[in-house]
Amino acid sequence: MAQTGISHQGLTAAVSDYEGFAQLMVPDDNPQPEAFFIKRTADSGTPVHRIDMFRNQFCRNIALKIDVEGEEIAVLRGGNDTLTYCDNAIIMIEFNKSVMG
């Protein structure tokens with residue numbers, strides 16, 4: 001984006017289809033990154049947000065890079081209003097076939 005001269009803002013966040021907290025879980029039998037998953041927690045851990053919570057920070061255009069190991073649909077559900085509101089959206093989703101079932 002910087003090379004295009006387009007004004008932009010980067011944001012790194014844990015996102016899903018809920019607001020709350022989660023803990024990154026690593027299965028004992030498969031410590032490979034594609035097996036990691038998040039477990040919702042009551043009130044501690046990493047803050048998790050819906051993309052829609054950031055909607056007011058975005059203008060009419062949004063670009064998303066999503067790498068969430070099997071939670072792609074939940075992330076998109078959490079951004080439904082934002083993606084509907086935006087005039088232009090670029091979405092890059094990285095996924096591993098083994099977690100897409």
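## A bridge between two strands

Phe-21 has Thr-41 as its bridge partner in strand E3. The two strands here are E2, residues 20-25, and E3. They run antiparallel and share five bridges. This is a predicted model.

E2 and E3 belong to an open sheet of four strands. The strand order is E1-E4-E2-E3, and the pairing is mixed. Strand E1 (14-15) and strand E3 (37-41) form the edges, each pairing on one side only. Strands of a sheet pair through backbone hydrogen bonds, in either a parallel or an antiparallel sense.

## The overall plan

The protein contains three helices and six strands. Along the sequence, the pattern reads β-β-β-β-β-α-α-β-α. There are 101 residues, and 21% of them are buried.

How much area does the protein expose? The figure is about 7300 Å², with carbon and sulfur atoms supplying 52% of it. Contacts also reach along the chain. Among those between residues at least 6 apart in sequence, 65% join residues at least 24 apart.

## Strands E5 and E6

E5 pairs with strand E6, residues 88-94. This pairing is parallel and spans seven bridges. At one position, Asn-61 stands opposite Asn-88 in E6.

E5 has two faces. Ile-62, Leu-64 and Ile-66 make up the covered one. Asn-61, Ala-63, Lys-65 and Asp-67 make up the uncovered one.

## Ser-16, between E1 and E2

Ser-16 lies in the loop between E1 and E2. Is Ser-16 buried or exposed? Ser-16 counts as buried because its relative accessibility is 3%, below the 20% cut-off.

The side chain of Ser-16 makes a polar contact with the side chain of Asp-17, at 3.3 Å. Ser-16 also meets residues from elsewhere in the sequence. With neighbours within four places left aside, its contacts are Val-48, His-49, Arg-50, Ala-74, Val-75 and Gly-78.

## Asp-52, between E4 and E5

Asp-52 sits in the loop between strand E4 (46-49) and E5. Its relative accessible area is 12%, so Asp-52 is buried.

What does the side chain of Asp-52 reach? It extends to the backbone nitrogen of Thr-82, at 2.7 Å. Thr-82 is one of several residues that Asp-52 touches. The others are Gly-78, Gly-79, Asn-80 and Asp-81, not counting residues up to four places away in sequence. Gly-78 also appears among the contacts of Ser-16.

## Gly-70, between E5 and H1

Gly-70 is placed in the loop between strand E5 (61-67) and helix H1 (72-77). Gly-70 is partly exposed, because its relative accessible area is 30%, which falls between the 20% and 50% cut-offs.

Gly-70 and Glu-94 are 24 residues apart along the chain. Their C-alpha atoms are separated by 9.6 Å.

## Rings and charge

How many aromatic pairs does the structure hold? The count is zero. A ring does meet a charge, though. The charged end of Arg-40 sits over the ring of Tyr-18. The distance to the ring centre is 3.6 Å.

Key. Residues are numbered from 1 along each chain as its sequence is written. This is a predicted model: local features need pLDDT of at least 70, side-chain atom pairs count only at pLDDT 80 or more; totals for chains, interfaces and linings use all residues. Side-chain values use heavy atoms; hydrogens and water are left out. Buried means under 20% relative accessible area, exposed over 50%, partly exposed in between (1.4 Å probe, protein chains only). Rings of Phe, Tyr and Trp (its six-membered ring) pair if their centres lie within 6.5 Å; planes under 30 degrees apart count as stacked, over 60 as edge-to-face and the rest as tilted. A charge sits over a ring if NZ of Lys or CZ of Arg is within 6 Å of the ring centre and within 35 degrees of the ring normal. Contact means heavy atoms within 4.5 Å. Accessible areas come from the Shrake-Rupley method with a 1.4 Å probe; for residues, only the protein chains shown count as cover. A polar contact is a pair of N or O atoms within 3.5 Å; within protein, one must be able to donate a hydrogen and the other to accept it, and residues adjacent in sequence count only if both atoms are side-chain atoms. Two strands pair if DSSP finds at least two bridges between them.
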